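This briefing introduces one molecular structure to a reader who is new to the subject. Please keep the sequence and the 3D view at hand while reading.

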Amino acid sequence: MADIQNGDSCSSSPLELFERVTAQGEKVRSLKAGKASTDEIDAAVKLLLSLKVTYKTATGQDYKAGSPPVDFSPVSNNGPTTTQDEDFVDPWTVQTASAKGVDYDKLIVRFGSSKIDKELINRIERVTGKTPHHFLRRGIFFSHRDMNQILDAYENKKHFYLYTGRGPSSEAMHLGHLIPFIFTKWLQEIFNVPLVIQLTDDEKYLWKDLTIEKAYDYAIENAKDIIACGFDINKTFIFSDLDYLGMSSGYYKNVVKVQKHVTFNQVKGIFGFTDSDCIGKISFPAIQAAPSFSSSFPQIFKDKKDIQCLIPCAIDQDPYFRMTRDVAPRIGYLKPALLHSVFFPALQGAQTKMSASDPNSSIFLTDTPKQIKTKINKHAFSGGKDTIEEHRKYGGNCEVDVSYMYLTFFLEDDDKLEQMKQAYSSGALLTGELKKVLIETLQPLIAAHQQRRKQITDEMVKQFMTPRKLAFDF
Ligand code: TRP
């Protein structure tokens with residue numbers, strides 16, 4: 001950050017800025033191509049984004065590769081909160097705004113998915129007779145594929161099932177990991193359908209520096225956190241790939257079918273694999289694809305090959321399912337439908353997502369009330385002003401304030417949330433006070449999770465993970 005602030009950007013000419021953005025863009029590309037560390041790439045991307053913001057502030061134009069600035073007149077500043085200096089005070093600020101708004105809309109266009117709009121949300125409410133989950137109302141699940149088809153099926157009393165998953169890369173799960181599961185539990189309840197949950201211990205063994213045994217242990221530990229979200233044991237099957245692939249009479253057949261219909265070229269294009277990636281990685285997408293087909297679970301669906309699947313997941317999982325949807329009709333199956341969520345922002349700001357490997361970027365499900373308090377007070381990026389006087393005068397910025405963002409995820413009361421937003425934006429509520437509301441929202445939520453997790457016995461885990469018929473007749 002200091003780099004950016006002290007950089008010569010303030011004094012650079014628009015053309016020099018243009019050249020800096022271009023050079024930084026090239027640097028990001030070469031880091032990615034050279035398989036640099038994620039930290040290195042992230043840092044370079046951050047600098048790139050902030051340079052773009054600087055460029056826009058200086059020229060009033062969006063940076064466009066290959067098109068140098070044409071008109072150098074700087075944008076006028078409206079009021080003291082948007083002085084050029086302040087724009088540089090924290091690059092997260094503007095980047096966050098763009099990540100929240102433009103980028104997710106851009107992703108929808110780039111991925112070719114559809115926006116979850118008011119009309120779809122109303123239809124969900126009409127069809128189920130239930131108030132839509134606040135994740136839907138607040139745009140946390142923001143994109144979908146073929147959700148209308150699922151609602152058609154439901155209206156016509158046709159079966160469908162839910163599929164989601166988790167890559168058990170460590171024992172520690174954080175708040176962000178809960179989002180798809182909280183939402184999936186709600187979907188299971190309102191639609192009353194079977195649910196399968198894949199734990200990709202094989203994937204984590206292939207990608208990370210982990211032994212098979214460790215990856216499997218993590219799968220079991222993570223299963224406890226997942227079960228603690230409240231899934232119905234009679235309607236939910238949780239499986240470890242390392243276990244279930246060798247046990248099922250249907251799963252591996254579907255894996256092989258997918259493998260036969262996807263070329264190396266295609267996965268290179270979708271996932272960026274290279275010639276030097278191990279063949280385990282190259283064939284893994286078929287293993288994440290196959291649970292989208294009901295015949296992978298004969299114990300649940302008998303011989304039914306045409307039960308439609310709905311997959312709630314974070315948007316970063318979409319490439320797997322674009323591939324799946326492309327293959328499905330060619331192997332005689334239905335395409336799975338999808339519901340996509342945004343990323344859960346890191347404490348430091350929405351430009352990065354929470355990462356289990358950086359303890360200060362995340363609130364873990366194992367954190368004590370005191371740790372939660374300290375992390376939020378110390379690390380949650382604030383959209384408030386530097387001094388109380390300024391804050392009272394100009395108000396805080398909810399768009400970039402991580403504590404406010406977290407409240408949109410976890411404070412269910414719409415009225416209270418709106419009240420917070422008004423009070424914070426007007427300056428009546430200070431950052432410390434907003435943080436206090438968040439701390440008091442998360443402490444009981446996490447304590448309750450820990451309480452539920454404690455009740456989960458090895459026997460229960462085993463039951464959830466045993467291939468069996470669920471409470472549905474097929
Ligand atoms: N690959 C996912 C991860 O690393 C785990 C996963 C497997 C998954 N199948 C899924 C996630 C289906 C969402 C939906 O976390």
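The points below cover the main sheet, a helix lying across it, the ligand surroundings and a hairpin. The structure is a predicted model. Its main sheet is open and has 7 strands, and 14 residues surround the ligand.

**The sheet**

- Strands of a sheet pair through backbone hydrogen bonds, and the pairing may be parallel or antiparallel.
- In this model, the pairing within the sheet of 7 strands is mixed.
- Read across the sheet, the strand order is S1-S2-S7-S6-S3-S4-S5.
- The edges are formed by strand S1 (114-115) and strand S5 (236-240), each of which pairs on one side only.
- Strand S2 (residues 141-145) and strand S7 (residues 337-341) run antiparallel and are joined by 4 bridges.
- Within this pair of strands, Phe141 has Ser341 in S7 as its bridge partner.

**A helix across the sheet**

- Helix H9 (residues 175-191) lies across six strands, namely S2, S3 (160-166), S4 (195-199), S5, S6 (308-314) and S7.
- The helix H9 runs at about 165° to S3.

**The ligand and its surroundings**

- Which residues come nearest to the ligand? Among the 14 residues around the ligand, these are Tyr163, Gln198, Glu203, Gln288 and Gln317.
- Glu203 places a polar side-chain atom 3.0 Å from a nitrogen atom of the ligand.
- For Gln317, a polar side-chain atom likewise lies 3.0 Å from a nitrogen atom of the ligand.
- Lys204 has a polar side-chain atom 3.4 Å from an oxygen atom of the ligand.
- How much of the ligand does the protein bury? Taken alone, the ligand exposes 370 Å², and the protein buries 90% of that area.
- Two or more residues of the shell come from each of the elements S3, helix H10 (201-207) and S6.
- Strand S3 supplies the largest share of the shell, with 4 residues.
- Sorted by class, the shell around the ligand consists of 4 nonpolar, 7 polar and 3 charged residues.

**The hairpin**

- Strand S8 (residues 345-346) and strand S9 (residues 349-353) run antiparallel, with 2 bridges between them.
- A hairpin of 2 residues connects S8 to S9.
- In this pair of strands, Pro345 is found opposite Lys353 of S9.

Terms used: Residues numbered from 1 in each chain as written. Predicted model: local features only at pLDDT ≥ 70, side-chain atom pairs only at ≥ 80, totals over all residues. Heavy atoms only, no water. Pairing = 2+ DSSP bridges. Contact = heavy atoms within 4.5 Å. Axes fitted to C-alpha atoms, helices over the stretch in contact; angles between N-to-C directions. Near = heavy atom within 4 Å. Polar contact = N/O pair within 3.5 Å; in protein donor to acceptor, adjacent residues only side chain to side chain. Areas by Shrake-Rupley, 256 points an atom, 1.4 Å probe, with all protein chains shown as cover. Nonpolar A, V, L, I, M, F, W, Y, C, P; charged D, E, K, R; others polar.
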